Structure formats: structure tokens, C-alpha cells
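This report describes the fold, strand pairing and nonpolar core of one protein chain. The sequence and structure are shown first.

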Amino acid sequence: MLPGSVIASERRDHCFPVAVVVYYGRMQFYSYRIIIEPDEGGTFHAYVPALPGCHTWGETLVATRKNIRDAIDAYVRSVIADGETVPEDRGIAIVETISAP
């Protein structure tokens, strides 16, 4: 695997968080939860809770997932280039459907 390559674990239930793992040399792995939500106009909005300002959108789920991987890649590369510490995803995800009266 080449440094800077992105690996994504896929889930078929696209409404729930999806983990994305980014690899950068020296066997360093970063794993992030992403959230994809429907947006107005039939598009989708994606963001990474652990990476402030890391957002994107797409016209389809497939495009949105590709775009968020690219956004994470650019974000992490920028943080590394600036000599800053790469944020870790320390959050948890609880996905639950609750029926309301």
C-alpha cells in the first residue's frame, strides 16, 4: 500500500456512520466516523465529527462517499504538512430508531 492511500470500510446502510481509515507512511492509521445525511434538493451532506470543518456533499451516496474520503485525505495531509497533531476520533456512535407517538 502506498503512503497516503485511503481505505474505507463500507456499510450498506448509508444513513449510519461509516468508518474511514487513512494510511500515511510508517504504518500510521487514522480511523474516522463519517456522517452522511440527506440534504435539500435530493443531494447528500457528509461530515467528519472529529475533523472540524471537514464537510462535503454529493449528488449521490456514491459521490458523497468518494468526496468525503477525498476531504479527509486533504485534511489529514494539511495537518501533517503544518506539523500539527492529527486529530483522533474519540467519539462513539449510537444508532437507534425511536418511534414517537
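## Strand pairing

Two strands are said to pair if DSSP finds at least two bridges between them. Helices (H or I, at least four residues) and strands (E, at least two) are DSSP runs, numbered from the N terminus. In this predicted model, β4 and strand β5 (residues 55-58) pair in the antiparallel sense over 4 bridges. Within that pairing, Ala46 stands opposite Thr56 in β5.

β4 also runs antiparallel to β3, to which 4 bridges join it. One bridge partner is His45 in β4, which is matched with Glu37. The hairpin of β3 and β4 has 5 residues between the strands, and Gly41 takes a positive phi near 75° in it. The two faces of β4 are unlike in cover: Phe44 and Ala46 lie on the covered face, whereas His45 and Tyr47 lie on the uncovered one. In a regular strand the side chains alternate between the two faces of the sheet.

## Basis and confidence

Residues are numbered from 1 along each chain as its sequence is written, and side-chain values use heavy atoms, with hydrogens and water left out. Because this is a predicted model, local features need pLDDT of at least 70 and side-chain atom pairs count only at pLDDT 80 or more, while totals for chains, interfaces and linings use all residues.

The predictor's confidence in each residue, pLDDT, runs from 0 to 100. Its mean over the protein chain is 79, and 73% of the residues reach 70 or more. Over residues 1-19 the pLDDT is below 50; this stretch nevertheless has 45 contacts (heavy atoms within 4.5 Å) in the model beyond near neighbours in sequence. Where pLDDT is low, the predicted coordinates should not be read in detail.

## Overall architecture

The protein chain contains 1 helix and 5 strands, in the order β-β-β-β-β-α from the N terminus on. Of its 101 residues, 33% are buried, where buried means under 20% relative accessible area, exposed over 50%, and partly exposed in between (1.4 Å probe, protein chains only). Among contacts between residues at least 6 apart in sequence, 29% join residues at least 24 apart.

## Helix α1

The 21 residues of α1 should span 30 Å at 1.5 Å a residue, and the end C-alpha atoms are 30 Å apart, which agrees; the expected span is 1.5 Å times one less than the number of residues. Buried positions in α1 include Thr64, Arg65, Ile68, Arg69, Ile72 and Val76. Just after α1, Gly83 takes a positive phi of about 75°.

## Nonpolar core

A nonpolar core is a set of buried Ala, Val, Leu, Ile, Met, Phe, Trp, Tyr and Cys residues joined through side-chain atoms within 4.5 Å. The largest one has 16 residues, of which Tyr32, Val48, Cys54, Ile68 and Ile72 touch the most other members. β3 (28-38), β4 (44-47) and α1 (61-81) each supply at least two residues of this core, and the largest share, 5 residues, comes from α1.

Two of these residues merit attention. Ile68 touches Ile34, Ala46, Tyr47, Val48, Cys54 and Thr56, not counting residues up to four places away in sequence. Ile72, placed in helix α1, is buried, with a relative accessible area of 0%. Ile72 and Tyr47 are 25 residues apart in sequence and 9.3 Å apart in space, C-alpha to C-alpha.
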